[in-house]
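Work through these exercises with the model open beside you. Try each task before you read its solution.

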Amino acid sequence: MRLLSVNYKTLARAIVQRPWLPYSAVTLAILAPLLRPGYILTLDMVFTPSIRVPASSSNDYLFRVVLYLVHVLLPSDLIEKALLFTILCLSGTGMHRLVRYLNGADSDGLHTTGAYVAGILYMINPFTYDRFMAGQYEVLLGYALLPSFVRILLEFLATPNWRRMLWLTACSVAISIVSIHDIGLMVILTVIALAVTIWQRRSDRQWRNKVLRLGLFGVGTFLLVSSYWLMPLVLGRGSVAGQLSSIGTNDQSAFATIGGSTIGKLGNVLRLQGFWAEARSMYQLPQDRLHAWGLIGLMVWALAAVGGVGLWRVRRRTTLAVFGSGAFMGVVLSVGVLGGWLAMHVPLLAGYREPEKFVALLALAYAVFVARATVAVLTYCRTHAGVVFSAVTASALLLIPIAWAPTMLYGFAGQLHPVHYPGDWAIINTRLNSDRGNFQTLFLPWHMYMRFDFEGRIIANPAAAYFDKPVIVSDNPEFRGAALAKTTAAKQTLDRILPQAEYQSGFGMQLRALHIKYVVVDHDDTYQDEAYLAHRADMQLVVKGSTLNLYRNKAYWGK
């Protein structure tokens, strides 16, 4: 009995002092089926055997360089799984530490339980589920870092010093290099927290001067470190500027928060949903798996309301003001009520063609408020119903986030699984590498997103990243008139000539003008539309596989 008591105390101490251990366990409950060898391929997450240095100076250039350097030591499928593990575990531990900071001197078991409920809610919810299924791992990595940024920001505003400013700047840079969209979330939270603190300390001139001096240093350092992508953006050059300039009203309509009317969109946003992919039946929704799912959402709302009232009663008005205002801004921007006006008057906001990303601000507030509500509920239960009932209630509260997104557990409800690229891909890659010339290869069918049978779902075409030689794939998302992702003159020409290629006698010469020497044809999706290549005199079948064919453009040799 004494041994069990010691073990219990050791476990309890580990839970309190090392929160990353429980969050790692929760992460394993999600990712365990995905840890076998192979790649996890979703809509926008398509890792391949090779990770290369990026060619363009976009905001994530440094992040891509880090992945390239790590790839020298580790295989890319292991890097991918490590990223997914980091996102989940960091989301939970970051929120946990934020709540512990907000609790201040309150560090008893009830507040610890509240921190764990908040951490699990922040890592497992409908918003994060949608983004995982869409493969937006960079957005999720920035989301995972957001609680740490807020904690360091609040610490700095409470006691400004050089050490905290350096940490705040480093965290800001880290978020900016993994997700350009999460920069907007940082700015909103910084403006709100700064405004609230300035009002509270409006008579403290010494504090104000110190914050101004250190703040200017931090902003200047951020701009200097980020100049490799900010300068081209300011000058209207580079990939980021190109993508921003291509976004128009069609994009804003195609990727708008779903829900029909404003009320419908508001309802979806408050449930941390409204993502455009939900309407395309690309994956199961949480409500498809749990009939009482709506009731779980009501519980979250009720707990958030109780938490907000609780913060007001214990006179933690700063916490309520910062996270409440952040949630309000997240809702307004996600619903898109002011989207058109703000896009015209606020620089770079037009780049948020998918406003539902601002739901992250609401998820952050939910977690903070639910943590406070957990303390209030457990205090009431312990006082009126005893310790045993309080423990049962604590267990139920810990399970609420999991019930709100049950499709995340066990490999996202079995929807994701590790896969290997078919052997034909490696064979054709070797064949292309054996040609020492400088040339382009065209990949057909001509789609940016298509269904691959070896994965069993629609994913971004991985050919350009997989093959060592330059491969041209479509940049057209083919979704409600949305703009091309990052098109080139060659791709614009192919958009024009490919629909008539079957009937063009000089198709080989047209490809030759684009330096295209080979054509790879995948047997999936609209494969039958490319059958004409087998009968063309200017095309020679070089490799015939079960999943890919390789044709040589005979017209290229005369060049």
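A charge sits over a ring if NZ of Lys or CZ of Arg is within 6 Å of the ring centre and within 35 degrees of the ring normal. Keep in mind that this is a predicted model.

**Exercise 1. Charges over rings**

Task: Find the ring that lies under Arg317, and give the distance to the ring centre.

Solution:
- Start at Arg317. It lies over the face of Trp312.
- Read off the distance. Arg317 is 3.7 Å from the ring centre.
- Now take a second case. The charged end of Arg202 sits over the ring of Trp199. Here the distance to the centre is 3.9 Å.

**Exercise 2. The sheet**

Task: Work out the strand order of the open sheet, then name its edge strands.

Solution:
- Trace the order. Five strands run β4-β1-β5-β7-β6, with mixed pairing.
- Look at the ends. β4 (471-472) and β6 (539-544) are the edge strands, and each pairs on one side only.
- Check one pairing inside the sheet. β1 and β5 run parallel and are joined by 5 bridges. Within this pairing, Thr441 has Tyr518 of β5 as its bridge partner.
- Add the helix. α22 (residues 423-433) lies across β1, β5, β6 and β7. Its angle to β7 is about 20°.

**Exercise 3. An aromatic pair**

Task: Classify the ring pair Tyr421 and Tyr466 as stacked, tilted or edge-to-face.

Solution:
- Know what to look for. A pair of aromatic rings is described by the distance of the centres and the angle of the planes.
- Set the scene. The structure holds 24 aromatic pairs.
- Take the distance. The ring centres of Tyr421 and Tyr466 are 5.0 Å apart.
- Take the angle. The planes of Tyr421 and Tyr466 stand at 50°, so the pair is tilted.
- Place the partners. Tyr421 is in the loop between α21 and α22, and Tyr466 is in helix α23 (residues 463-466), so the pair ties together parts that are 45 residues apart in sequence.
- Judge the exposure. Buried means under 20% relative accessible area. Tyr421 is buried because its relative accessibility is 11%. Tyr466 is buried too, at 9%.
- Widen the view. Tyr421 and Tyr466 belong to one aromatic cluster, whose members include Tyr39, Trp425 and Phe443.

**Exercise 4. Around Tyr556**

Task: Is Tyr556 buried or exposed, and which residues does it touch?

Solution:
- Locate the residue. Tyr556 lies in the segment after β7 (548-553).
- Decide on exposure. Tyr556 has a relative accessible area of 13%, so it is buried.
- List the contacts. Beyond four places in sequence, Tyr556 touches Asn438, Phe439, Arg512, His515, Ile516 and Lys517.
- Follow two of them. The side chain of Tyr556 reaches the backbone oxygen of Asn438 at 3.3 Å. The C-alpha atoms of Tyr556 and Lys517 are 5.8 Å apart, with their positions 39 residues apart along the chain.

**Exercise 5. Backbone oddities**

Task: Where do the cis peptide bond and the positive phi angles of Ala413 and His515 occur?

Solution:
- Find the cis bond. It joins Leu444 and Pro445, with omega about 0°. Pro445 sits in the loop between β1 (440-444) and β2 (449-452).
- Turn to Ala413. Its phi is positive, about 55°, although it is not a glycine. Ala413 is in helix α21 (residues 409-413).
- Finish with His515. Its phi is about 65°, and it is not a glycine either. His515 is in the loop between α25 (507-513) and β5 (516-522). At 42% relative accessibility, His515 is partly exposed.

Conventions
Residues are numbered from 1 along each chain as its sequence is written. This is a predicted model: local features need pLDDT of at least 70, side-chain atom pairs count only at pLDDT 80 or more; totals for chains, interfaces and linings use all residues. Side-chain values use heavy atoms; hydrogens and water are left out. Helices (H or I, at least four residues) and strands (E, at least two) are DSSP runs, numbered from the N terminus. Buried means under 20% relative accessible area, exposed over 50%, partly exposed in between (1.4 Å probe, protein chains only). Contact means heavy atoms within 4.5 Å. A polar contact is a pair of N or O atoms within 3.5 Å; within protein, one must be able to donate a hydrogen and the other to accept it, and residues adjacent in sequence count only if both atoms are side-chain atoms. Two strands pair if DSSP finds at least two bridges between them. Axes are lines fitted to C-alpha atoms, for helices over the stretch in contact, and angles run from 0 to 180 degrees between N-to-C directions. Rings of Phe, Tyr and Trp (its six-membered ring) pair if their centres lie within 6.5 Å; planes under 30 degrees apart count as stacked, over 60 as edge-to-face and the rest as tilted.
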